[in-house]
Amino acid sequence: MTRLKLCAIVASVLMTFGMGAAAQPISKAEDIKPDTPFAGFLKSQKHAEARAYVAVSEDKSVGRECKDNYTMGNYAIKIMVPIEMDAGATIPKAGRWLGRFQVTRCGRQSLFNAIFNATDKGLQVTPAAPGETGQDLQLVIDLRPLIVKKVKIENCETRGLLDTAKGAPEGYEPKVADGDYETWTVSGCGKDVDLVLLFSKTPDNKVGVQVEKQIPR
């Protein structure tokens, strides 16, 4: 595990890799070998800082900032664009991947998702959503502000996305028996609201979403 404060980060090994070196761009997570530059990056302070940025940003968005240690847990990636990294470099020079990782802080444990994009200008990290959404993360990033804005919390302008989960809330009867449901929880001014979302494919193969119900906690 990695224990960290906002100003000091100590990285440790978070993944186990197979043996052997990869001379070409890495296109699958299972092809990452322990002696490749990218494997070194995943164990580095820079990578820990990138994940800490996501966790801190998400906490701030719901008014639940933590000044205590952030403990980094399990981590998994899915490579979308092959990763290129030169020997001796501190970050990849090209590539795009999705990251999902656990964080424990101030007595809370959360799962976070983010998109990591490496270019010759540096590493860009975009928080996607906390929780276990099964939707495409770019869709989630685009949809998130619209969904948060729809939530009705009286006399509260500042709110953020607290959590996502697959399926409808326990005890709720969906209107579509075999529908693709998720529950997104929005928090603001000390109040939490569960949104029951129904996702569907449109005739032009895009994804549609409907807020079926808002359930205050």
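Strand β3 supplies the largest share of the lining of the largest pocket, four residues. The structure is a predicted model in which local features need pLDDT of at least 70 and side-chain atom pairs count only at pLDDT 80 or more, while totals for chains, interfaces and linings use all residues. Residues are numbered from 1 along each chain as its sequence is written, and side-chain values use heavy atoms, with hydrogens and water left out.

**The largest pocket**

The largest pocket has a volume of about 220 Å³. Here a pocket is an open set of points on a 1 Å grid over the protein atoms alone, where a 1.4 Å probe fits and protein lies on both sides within 12 Å along at least five of seven lines; lining residues have an atom within 4 Å of a point. Points are joined across faces, edges and corners, and the volume is the space filled by probe spheres set on them. Of the 13 lining residues, Lys78, Leu98, Arg100, Asn113 and Leu137 are the closest to the centre. The elements that each give two or more residues to the lining are β3 (70–84) and β4 (94–105). By class, the lining holds five nonpolar, five polar and three charged residues, where Ala, Val, Leu, Ile, Met, Phe, Trp, Tyr, Cys and Pro count as nonpolar, Asp, Glu, Lys and Arg as charged, and the others, Gly among them, as polar.

**Overall layout**

Stepping back, the protein has three helices and 10 strands, in the order β-β-α-α-β-β-β-β-α-β-β-β-β along the sequence. These are DSSP runs numbered from the N terminus: helices are H or I with at least four residues, and strands are E with at least two. Buried residues make up 43% of the 217 residues; buried means under 20% relative accessible area, exposed over 50% and partly exposed in between, with a 1.4 Å probe and protein chains only. Among contacts between residues at least 6 apart in sequence, 50% join residues at least 24 apart, a contact being heavy atoms within 4.5 Å.

**Two nonpolar cores**

Which residues touch the most other members of the 26-residue largest nonpolar core? They are Phe38, Trp97, Phe101 and Phe116. The elements giving two or more residues to this core are α1 (37–42), α2, β3, β4 and β5. Strand β3 again has the largest share, here six residues. A core of this kind is a set of buried Ala, Val, Leu, Ile, Met, Phe, Trp, Tyr and Cys residues joined through side-chain atoms within 4.5 Å. Beyond its neighbours within four places in sequence, Phe116 is in contact with residues including His47, Ala50, Tyr75, Trp97, Phe101 and Leu123. A second, separate core has 15 residues, among them Val148, Val151, Val193 and Leu195.

**Helix α2**

Helix α2 covers residues 45–61, and its 17 residues should span 24 Å at 1.5 Å a residue; the end C-alpha atoms are 24 Å apart, which agrees. The expected span is 1.5 Å times one less than the number of residues. The buried residues of α2 include several alanines, such as Ala48, Ala50, Ala52 and Ala55, alongside Arg51, Glu58 and Asp59. Gly63, which follows α2, has a positive phi near 65°.

**Individual residues**

Most residues other than glycine have a negative phi. Cys106, however, has a positive phi near 50°, and Asn205 has a positive phi of about 65°. The table places these two residues alongside three others.

| Residue | Place | Relative accessible area |
|---|---|---|
| Asn69 | loop between α2 and β3 | 23%, partly exposed |
| Glu84 | strand β3 | 34%, partly exposed |
| Cys106 | loop between β4 and β5 (108–119) | 39%, partly exposed |
| Thr133 | loop between β6 (122–130) and α3 (137–150) | 3%, buried |
| Asn205 | loop between β9 (191–201) and β10 (207–216) | 59%, exposed |

What does buried Thr133 touch, not counting residues up to four places away in sequence? Its partners are Arg100, Val140, Thr164, Lys166, Glu182 and Trp184.

Asn69 and Glu84 each take part in a pairing across the sequence. Asn69 and Arg105 are 36 residues apart in sequence and 6.0 Å apart in space, C-alpha to C-alpha. Glu84 and Ile26 are 58 residues apart in sequence and 6.8 Å apart in space, again C-alpha to C-alpha. Leaving aside neighbours within four places in sequence, Glu84 is in contact with Pro25, Pro92, Lys93 and Ala94.
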